[in-house]
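This report describes the surroundings of two ligands, then some pockets and cavities, and last a few points of the backbone. Please look at the sequence and the structure first.

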Amino acid sequence: MKKDTVCRMCSSCCPVQAEVVNGKLISAERKSFVAKEKRLPCAKLKAAADIVYSPERVTTPLIREEGGELFREASWDEALDLVADKFNHYKTHSGAQSVGWLRGMAADWGSPWDYANRMMNYFGSPNTIGNGSICFVAREMAHVYTYGAMAFPEAGKAKCIIVWGKHDGDTALGVAEAILHAKANGATLIVIDPIKTPLASKADIWLQIKPGHDGLLAMAMINEIIATDLYDKEFVETFSTGFSELQEVAAGFPVDKIAQEIWLDPEHIREVAKMYATTKPACIIDGNGLDMQLDMFQSTRAVALLRGLTGNIDTMGGDVLPQPIAVRNIQAKDVLPTGAQPITSAYPLFNTFSDTWGNQVQSCVVDAILDEIPYSLKMVVVQAGNPVVTMADSNRASAAFAKLDFLVVIDMFMTKTAKLADVILPASSCFEKTQLNRASTRNNPVILQDEVIKPIGDSWPDWKIVFELARRLGFEKEFPWKTAEGAIDYQLEPVAVTTDMLRKEPSGLRVEELKHQKYLENGFATPSGKFEFYSEVLRQNGFCPVPYSKGFLKHPISFSEQPETYPFIGISGARDIRFTNSQYRTIPSLLKNGVGCVVDIHPADAEKQEISKGDSVKIETPKGSIEMEANISKVVHPGCIRIAWGWGDYNSRYNLNSLTDDDRRNPITGTPSQRSFMCRMTKV
Ligand SMILES: Nc1nc2c(c(=O)[nH]1)N[C@H]1C(S)=C(S)[C@@H](COP(=O)(O)OP(=O)(O)OC[C@H]3O[C@@H](n4cnc5c(=O)[nH]c(N)nc54)[C@H](O)[C@@H]3O)O[C@H]1N2
Ligand SMILES: Nc1nc2c(c(=O)[nH]1)N[C@H]1C(S)=C(S)[C@@H](COP(=O)(O)OP(=O)(O)OC[C@H]3O[C@@H](n4cnc5c(=O)[nH]c(N)nc54)[C@H](O)[C@@H]3O)O[C@H]1N2
Ligand code: SF4
Ligand SMILES: [Mo]
C-alpha cells in the first residue's frame with residue numbers, strides 16, 4: 001500500500017510516498033516537480049526503515065533507579081505520574097517558572113510546539129524555549145524587521161540565483177532541484193561560501209568569502225548598486241523607507257577596501273552586484289551559514305536589504321512573501337500570570353517578534369541552571385533535542401544538564417542528553433504519527449504529515465505525550481482532544497479545513513491562490529507599512545536602525561582576540577546528507593561506506609605543519625579540544641579548517657561543540673558563534 005506523508009527526518013519537510021506492507025514501512029520516496037530520474041537521492045530516506053526499526057530505539061518509558069546509573073522500564077502511567085508529581089513539586093517549592101521545556105531541532109517543529117507552549121502556559125511557566133537562536137528563527141527575525149515576514153526564494157523561476165551560506169544539496173533537496181532546474185534553463189548561479197561546495201563548483205561565480213564577514217560583502221554590494229545607479233528607483237521611492245540613511249551608511253563600505261578585508265577580488269564583487277541588480281527576476285537563498293554567527297542579525301538584514309534595493313521582493317522568481325494560513329493560535333500565552341518574565345528576558349525583541357515562535361534563546365537555559373541568571377531552573381523537559389552535544393560550549397552545557405534536579409527527555413534514542421535524564425519518554429518517529437506541520441501553515445499549501453505505520457513498541461507520538469501529561473497536571477478541559485485529528489481540526493477550524501480534507505489532497509491543499517507583489521494592495525507588515533531600510537524600532541531599542549550604522553563588529557569570530565595562539569579559522573562542517581545534526585550515527589547502513597568524520601586542511605597549511613591525509617590532529621580553543629582525522633583538500637581557503645559537524649553523540653572525541661563559545665552572543669537574538677571560531681591545530 002502507498003501512503004502519502006511528510007518526512008521530518010530533517011527540517012526540509014519533503015512530501016513523500018511510503019510503501020507499507022502488512023503494517024510495516026518498507027521504503028519511502030520523495031515527491032518532486034522534477035522527473036524521477038532527475039530527483040536527488042536522500043540517504044536518510046533510503047534508510048528510513050532502518051531508522052524506524054533500529055534496535056537502538058528506546059521503546060518503553062524508562063525511570064532512573066534511585067541514586068543509580070541504571071534505568072528500569074516503567075509503564076506510561078508510572079512515568080507520567082512521576083513527571084507530573086515533579087512539575088507540581090517544583091511549582092510548590094520554587095515556583096512554576098523553575099520548570100522549563102526545551103525544544104530541539106526542526107525534527108518536530110510541528111504543532112507539538114504549540115501543544116508544549118499551551119501546556120506550560122496553563123501550568124504557569126513562561127519557559128518553553130526553542131533553539132531558534134542558532135537556526136532559522138533568528139534569520140526569520142531579520143527578514144521580519146525588514147519586510148514583515150520571512151521571504152521564500154522562488155528559485156525554480158529565477159534568472160539569477162545567489163546562494164548565500166546554504167547548501168541545499170545536503171540539506172533541502174527540493175530547493176536544490178529547483179536551483180539545478182533554473183540553471184539548466186539558463187539562470188546564472190552565484191554561490192557565496194567559504195567552502196568550495198559541490199554547488200560552488202557548478203556556479204557561474206563563486207565568492208570564497210572570509211568566514212563570518214558576510215555583512216561586509218552585503219554592504220559593499222549595496223554601496224556598489226547605489227553608486228552605479230542600478231537600484232530599482234520606483235520600488236525604492238514608492239515602497240521603502242530609509243533609503244537616504246542606507247545610502248549614507250553604505251558609503252562607508254567601498255568595494256575596494258572591503259574586498260581586501262574579506263579575501264575577495266573587488267572586480268568579482270562588482271560583477272555579482274551588477275548581475276544581481278540587472279537580472280530580473282533574481283532571488284537570494286540565505287542559509288545557516290549566516291545564522292550561527294555572532295553578527296548574524298545585521299548581516300542577514302543587510303542581505304535582506306538587497307532584495308528591496310533591486311525590487312526583487314515578492315516577485316515571481318524573486319523572494320516571495322509567504323501566505324500563512326490563519327490557524328487558531330492555541331498557545332494561550334495570555335493565561336500566564338501578568339509580568340511573568342521568561343529566562344530569555346534579556347532578548348525582548350526576539351521573544352516577541354512573532355505571535356507564535358515564543359522564546360528561542362536556548363543558551364539562557366544553561367545560564368539559568370548553572371548561574372541562576374536571571375533565576376534558577378530546577379527541572380527541564382528536553383523534547384526532540386540533544387543539547388549536550390548540539391549547544392555551544394558542550395562542557396558547560398553538559399555541566400548544566402547534569403546539575404538539574406530533575407531532567408526528562410522525550411526522544412527516540414538513548415542520546416548523550418538522555419543518559420543524564422531521570423525519566424526518558426520514548427517518542428514515535430515522523431512516520432508513526434499524524435501532525436500539522438508548522439512549515440505548511442506558515443505558507444500555502446497545507447500538507448498533512450500523516451501516520452503511515454503504528455507507533456513502534458510502546459513509543460508515543462509527541463502530541464499524545466503532551467496531552468496526557470497536561471491532563472495529569474489538571475488541564476483536562478484545555479486538552480480535550482483524544483486524537484491528533486481532534487486537535488488539528490480545532491486548529492484549522494478558522495480556515496474551514498479538516499484533517500479529512502487534507503487526506504484527500506496529499507499534494508497539499510491551497511487555502512488561498514498564490515499571489516505576488518501583495519504589497520501593492522496591503523503594503524508590508526512592518527511598523528511603517530514599507531520595506532524598511534531603516535528600522536525605527538531597532539533604533540528605539542538601542543540597535544543599529546540601518547545595518548552597521550555604528551560600524552562593523554571588531555571580532556566577529558570567537559577567540560579572534562588571540563591570533564598568535566589561535567591562528568586558524570575553524571568552520572563548522574557540512575551537513576552530511578546521511579545524517580541530521582547529531583542523529584543516525586547508530587544506523588549501520590548509513591555508515592557502511594565509511595564514517596567520513598574528518599577535518600579538511602588546505603595543502604599549504606598541511607605542509608607547514610607536516611600533516612598528511614589520515615593523520616590524527618588535535619584542535620583546540622580556550623573551551624576545549626577534540627581529535628579528528630586529517631583530510632587534505634583545496635575546498636578550504638588557506639588559514640581555514642573545516643571540521644565535521646554532528647559527531648558528538650557518536651564519540652565525545654569528535655564533539656565540535658567542545659570547541660565553541662557561548663560567552664559572547666548576538667545582542668538581539670542571543671546567537672553564539674557555533675559556525676566560525678579561531679583555533680589551534682597540531683598533529684597528534
Ligand atoms: N557547531 C555546531 N553546532 C550546531 C550546528 C552546527 O551546524 N554546528 N547546528 C545547529 C542547528 S541549526 C540546530 S537546529 C541544532 C540542532 O540541535 P538538536 O535539536 O539538539 O539536534 P539533533 O541532533 O537533530 O537532535 C534531535 C533529537 O530529536 C530526536 N527526535 C527525532 N525525531 C523526533 C520526534 O519526532 N520526536 C522526539 N521527541 N524526538 C525526536 C532525535 O533522536 C535527536 O536525538 O544544532 C545546532 N548546533
Ligand atoms: N542532511 C542534513 N540536512 C539537514 C540538517 C542536517 O544536519 N543534515 N540539518 C537541518 C537543519 S537543523 C538546518 S538549520 C538546515 C541548515 O542547512 P543550510 O542552511 O543549508 O546550512 P548548512 O548546510 O549548515 O551550511 C550552509 C553553507 O554555509 C557555508 N558557510 C559556513 N560559514 C559561512 C560563512 O561565514 N559565510 C557564508 N556565506 N557561508 C558559510 C557552509 O560552508 C555551507 O556550505 O539543514 C537541515 N537539513
Ligand atoms: S531531505 Fe531527506 S531526510 Fe530531509 S525531509 Fe527530505 S527526504 Fe526527509
Ligand atoms: Mo537548524
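## Ligand 2 and its shell

The model shown here is predicted. Ligand 2 is surrounded by 31 residues, and the closest of them are Asp193, Arg575, Phe579, Asn581 and Arg675. Sorted by class, this shell consists of 11 nonpolar, 12 polar and eight charged residues.

Two domains each provide at least three residues of the shell around ligand 2: domain 2 (152–320 + 518–540) and domain 3 (568–683). Among the helices, α6 (168–171) and α14 (288–291) each give at least two residues to this shell.

## Polar contacts of ligand 2

Which atoms of the protein lie close to the oxygen and nitrogen atoms of ligand 2? In the side chain of Thr171, a polar atom is 2.8 Å from an oxygen atom of ligand 2. In the side chain of Gln293, an N or O atom is 2.9 Å from an oxygen atom of this ligand. Phe579 takes part through its backbone: an N or O atom there lies 2.6 Å from a nitrogen atom of ligand 2. On its own, ligand 2 has 910 Å² of accessible area, and the protein covers 95% of this area.

## Ligand 1 and its shell

Around ligand 1 there are 32 residues, of which Met105, Asn386, Asp411, Lys433 and Ser582 come nearest. The shell of ligand 1 has 12 nonpolar, 15 polar and five charged residues. At least three of its residues come from domain 1 (62–136 + 349–446 + 454–495), and at least three come from domain 3 (568–683). Domain 3 also gives at least three residues to the shell around ligand 2.

Three side chains can be named for their polar atoms. That of Asp411 has a polar atom 2.6 Å from an oxygen atom of ligand 1. For Gln583, the distance from a polar side-chain atom to an oxygen atom of ligand 1 is 2.7 Å. For Arg575, the distance from a polar side-chain atom to an oxygen atom of ligand 1 is 3.0 Å. The accessible area of ligand 1 on its own is 930 Å², and the protein covers 97% of it. Arg575 is also among the closest residues to ligand 2.

## The second largest pocket

The second largest pocket has a volume of about 1200 Å³. It is lined by 49 residues, and those closest to its centre are Gly148, Ala149, Pro322, Pro324 and Arg442. Four elements give two or more residues to this lining: α4 (111–123), α5 (136–147), α20 (438–441) and α24 (519–522).

By class, the lining of the second largest pocket divides into 22 nonpolar, 15 polar and 12 charged residues. Domain 1 (62–136 + 349–446 + 454–495) and domain 2 (152–320 + 518–540) each contribute at least three residues to this lining.

## Cavities

How many cavities of 30 Å³ or more does the structure hold? There are two. The largest cavity holds about 120 Å³ of space. Of its 16 lining residues, Cys10, Ser12, Cys14, Cys42 and Lys44 are the closest to its centre. The elements α1 (43–46) and α6 give two or more residues to this lining. Its residues are 11 nonpolar, two polar and three charged. The helix α6 also supplies at least two residues of the shell around ligand 2.

The second largest cavity has a volume of about 40 Å³. The residues that line the second largest cavity are Ala574, Arg575, Asp576, Phe579, Asn581, Arg585 and Trp645. Three of these residues are nonpolar, one is polar and three are charged. Arg575, Phe579 and Asn581 also appear among the residues closest to ligand 2.

## Points of the backbone

Two peptide bonds before proline can be pointed out. The bond from Lys280 to Pro281 is cis, with omega near -10°. Pro281 sits in the loop between α13 (266–278) and β13 (282–286). The bond from Asn444 to Pro445 is also cis, with omega near -15°. Pro445 is in the loop between α20 and β19 (448–449), and α20 is one of the elements that line the second largest pocket.

Where is Asp393 found? Asp393 is in the loop between α18 (387–390) and α19 (394–403). Its phi is near 50°, which is a positive value in a residue other than glycine.

Technical notes: Residues numbered from 1 in each chain as written. Chains lettered and ligands numbered in written order. Predicted model: local features only at pLDDT ≥ 70, side-chain atom pairs only at ≥ 80, totals over all residues. Heavy atoms only, no water. Near = heavy atom within 4 Å. Polar contact = N/O pair within 3.5 Å; in protein donor to acceptor, adjacent residues only side chain to side chain. Areas by Shrake-Rupley, 256 points an atom, 1.4 Å probe, with all protein chains shown as cover. Nonpolar A, V, L, I, M, F, W, Y, C, P; charged D, E, K, R; others polar. Domains from an automatic or database assignment. 1 Å grid on protein atoms, 1.4 Å probe; cavity = no way out; pocket = protein on both sides within 12 Å on 5 of 7 lines; lining within 4 Å. Points joined across faces, edges and corners; volume = space filled by probe spheres on them.
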